[in-house]
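Hi,

Here is the structure I promised to pass on. Have a look at it first, and my notes follow underneath.

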Amino acid sequence: MTDTSLHQLVSAASGDPRALRNLLGQFATGVTVITTVGAAGRKVGMTANSFSSVSLDPPLILWSLARTAPSLADFLGASHFAINVLGQDQHGLSGHFARPAEDKFAGIEHHSGTAGVPLLEGAIATLVCRNLTQYEGGDHLIFLGQIEHYRHSGGEPLVFHAGQYRVAAAHPALAG
Ligand SMILES: Cc1cc2nc3c(=O)[nH]c(=O)nc-3n(C[C@H](O)[C@H](O)[C@H](O)COP(=O)(O)O)c2cc1C
């Protein structure tokens, strides 16, 4: 059987990078702020939607960081980092931690967890991870972390899809 849809495929090598970025944005994700403590105790945090679970036994997660990110050296040198899963009302925090700033934690409610890693108040889930290793990932580095502690505070997640913040809703065909 001939798959006619194959004829509509665009080569990723010759295609438009913006089109590829838009296409990848069709995969809906949650939104996290990944935090750590860098050299001289400086608190570091950045918005990331590349977070994914990897393994339950042992409990492993991954996320990827742009090689050009100012926080790269801090994350490479850290013993631990935390994944703060944002709730639906925390879109402002997502924007805040996606912009470079001298002290991103000024005026942001948080407290210090394992190894001094800042944990954001109001996150719907928090995972404190040992920074196990990194893998090459093109223009990103893939961080593998082992979950050491976690907290589930509950609440509805913030969703990111097609470059927009959204909320999760029960599927209309399945609700009830
Ligand atoms: C919703 C959203 C998701 C993002 N996901 C990632 C990501 O997974 N990896 C990454 O390197 N940057 C990601 N970014 C961009 C970073 O948050 C942004 O470049 C940030 O300034 C990096 O922090 P830094 O400047 O302190 O290094 C994302 C931004 C947004 C708004």
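Starting with the overall fold, the chain has three helices and 12 strands. Keep in mind that this is a predicted model. The C-alpha trace spans about 60 × 45 × 35 Å along its principal axes. Of the 176 residues in the chain, 24% count as buried. If you take the contacts with a separation of 6 or more, 65% of them come from residues 24 or more positions apart.

Now the ligand, which is probably where you'll want to look. It has 18 residues around it, and the closest are Met-46, Ala-48, Ser-50, Ala-69 and Ser-71. Which strands supply at least two residues each to that shell? Both β3 (43-48) and β5 (60-66) do. The largest share, four residues, comes from β5. As for the chemistry of the shell, 11 of its residues are nonpolar, six are polar and one is charged.

I also checked one residue by itself, Gln-164. You'll find Gln-164 in strand β12, which covers residues 164-167. Is Gln-164 buried or exposed? Gln-164 is exposed, because just 9 other C-beta atoms lie within 10 Å, and a residue counts as exposed at 12 or fewer. In sequence, Gln-164 and Ala-28 are 136 residues apart, while in space their C-alpha atoms are 9.8 Å apart.

That's what I have for now. Shout if anything is unclear.

Cheers

Methods: Residues are numbered from 1 along each chain as its sequence is written. This is a predicted model: local features need pLDDT of at least 70, side-chain atom pairs count only at pLDDT 80 or more; totals for chains, interfaces and linings use all residues. A residue is buried if 20 or more other C-beta atoms lie within 10 Å of its own, exposed if 12 or fewer, and partly exposed in between; C-beta atoms are placed from the backbone. A residue is near a molecule or strand if its C-beta atom, placed from the backbone, lies within 6 Å of it. Ala, Val, Leu, Ile, Met, Phe, Trp, Tyr, Cys and Pro count as nonpolar, Asp, Glu, Lys and Arg as charged, and the others, Gly among them, as polar. Two residues are in contact if their C-beta atoms, placed from the backbone, lie within 7 Å.
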